[in-house]
Amino acid sequence: MRTFVITGGTDGMGKGLALRLLGRGDRVIAVADGAPKGRLLLAEAERMAAADRAVFVRADLSTLAGMRAALAEIATVTDSVDGLVFGAQRFRPRREETEDGFEFTFALGYLSRYVLGHGLVPALERAEAPVIVNIAGPGGLPGVVYWDDLQLREGYRGRRAAMQSSRCNDLLGVDFPRRHPGARTHYVLYNPGFVRTGMADPLPWHQRLLTKSLATVFAQSVDKAIPPIIRLLDRPPAEPVTAFMRGRPLPLEGEDFDPGRARRLREVTSRLLGTEAAEARH
Ligand SMILES: NC(=O)c1ccc[n+]([C@@H]2O[C@H](COP(=O)([O-])OP(=O)(O)OC[C@H]3O[C@@H](n4cnc5c(N)ncnc54)[C@H](OP(=O)(O)O)[C@@H]3O)[C@@H](O)[C@H]2O)c1
């Protein structure tokens with residue numbers, strides 16, 4: 001039995017993955033903020049006779065306290081993690097600040113993946129063929145890292161925040177083997193393309209209507225989007241870091257994957273988190 005941690009494992013692609021993995025006999029730890037969706041997942045696991053292999057960890061991953069609580073709770077369940085999937089997200093049409101003073105999308109979409117990804121390395125390294133799959137947007141819509149205004153205090157747009165978070169995740173992936181030299185954990189940046197999920201729910205009604213109509217024509221179902229991700233979890237690519245647009249490998253070239261920018265983002269992030277001293281030892 002392998003153990004998978006899935007952030008956003010109670011809805012959309014995260015839930016699709018959770019149910020597929022539970023169905024074949026693996027253990028799943030789903031991390032999300034909403035208790036009702038967590039209860040639904042556990043009820044579905046029970047119907048599949050997988051209740052003893054399904055765990056729901058309730059944590060608000062937009063806050064540092066939530067990220068740390070999730071790490072602590074995962075540690076009480078398992079000391080070894082075979083696969084870590086990042087799928088937690090929530091679009092914010094208007095700028096919001098978390099209790100730590102971070103812009104919400106930056107905190108949930110990027111910082112939580114930084115904190116959980118690095119925090120779970122010891123558990124991942126205990127597994128046989130460990131892998132992180134970061135579901136984001138490599139090779140997709142263009143986005144910019146606003147180095148002078150990472151918290152997007154000026155000119156906030158929901159889409160701008162989502163795209164910045166995607167670019168930060170590209171750099172997070174590229175930096176991973178440099179941050180953990182010699183680690184056996186492979187890092188996969190994965191763009192699923194347009195998938196029919198609840199992603200559009202927080203949009204204002206007219207944009208929601210438009211996105212949902214476009215989704216009925218152009219988006220894949222969760223069922224179709226899941227198999228390539230399962231394949232990556234089962235057979236991680238040989239290289240330490242890879243990026244895919246659906247099944248197509250992306251070259252790790254250009255600004256989005258530039259190692260110098262990746263290092264810069266790591267340094268900025270560790271300053272924001274107040275962990276410079278620990279990072280300097282790596
Ligand atoms: N759908 C697409 O077309 C598409 C395209 C490209 C990339 N992606 C990426 O694919 C991943 C999965 O997307 P999806 O569309 O499947 O997502 P989704 O259906 O919207 O599900 C999002 C998940 O995140 C959880 N979540 C939201 N806020 C949270 C918080 N503060 N703390 C912890 N968990 C939280 C949600 O549960 P609760 O609300 O109950 O907490 C839910 O389980 C995301 O990273 C997304 O950026 C999606």
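**Entry 1: D175**

Which helix holds the place of D175? I looked it up in the predicted model. D175 sits in helix α6, which runs over residues 158–179.

Next I asked whether D175 is buried or exposed. Its relative accessible area is 5%. The cut-off for buried is under 20%, so D175 counts as buried.

I then looked for a polar partner. The D175 side chain makes a polar contact with the side chain of R266, at 2.7 Å. I also listed what D175 touches, leaving out residues up to four places away in sequence. The list reads A262, R263 and R266.

**Entry 2: V268**

I moved on to helix α9, residues 259–273, where V268 has its place. V268 has 17% relative accessibility. That is under 20%, so I note V268 as buried too.

Which residues does V268 contact, once neighbours within four places in sequence are set aside? I found W147 and L150.

I also checked a distance from V268 to H186. The two are 82 residues apart along the chain. Their C-alpha atoms are separated by 24 Å.

**Entry 3: the nonpolar cores**

How many residues does the largest nonpolar core have? I noted 47. Inside this core, the residues with the most contacts are V5, V31, L61, Y110 and L120. Helix α4, residues 104–119, supplies the largest share of the core, with nine residues.

There is a second, separate core of 29 residues. I noted F4, L17, V131 and A225 among its members.

I went back to V5 for its contacts, again skipping neighbours within four places in sequence. V5 is in contact with I29, V31 and I74. The V5 list also includes V81, G83, L84, V85 and L120.

**Entry 4: the whole chain**

I finished with the chain totals. The secondary structure comes to 10 helices and eight strands.

Does the radius of gyration agree or disagree with a compact globule? For 282 residues, such a globule would have a radius near 19 Å. The chain has 18 Å, so I wrote down that it agrees. Along the principal axes, the C-alpha atoms fill a box of roughly 50 × 50 × 40 Å.

What share of the 282 residues is buried? I have 52%. The chain exposes about 12900 Å², and carbon and sulfur atoms supply 53% of that area.

Last, I looked at contacts in the chain with a separation of 6 or more. Residues 24 or more positions apart account for 76% of them.

Key. Residues numbered from 1 in each chain as written. Predicted model: local features only at pLDDT ≥ 70, side-chain atom pairs only at ≥ 80, totals over all residues. Heavy atoms only, no water. Core = buried A, V, L, I, M, F, W, Y, C linked by side-chain atoms within 4.5 Å. Buried < 20%, exposed > 50% of the residue type's maximum accessible area, 1.4 Å probe, protein only. Helix = DSSP H or I, 4+ residues; strand = E, 2+ residues; numbered from the N terminus. Contact = heavy atoms within 4.5 Å. Polar contact = N/O pair within 3.5 Å; in protein donor to acceptor, adjacent residues only side chain to side chain. Rg over C-alpha atoms; globule rule 2.2 N^0.38 Å. Areas by Shrake-Rupley, 256 points an atom, 1.4 Å probe, with all protein chains shown as cover.
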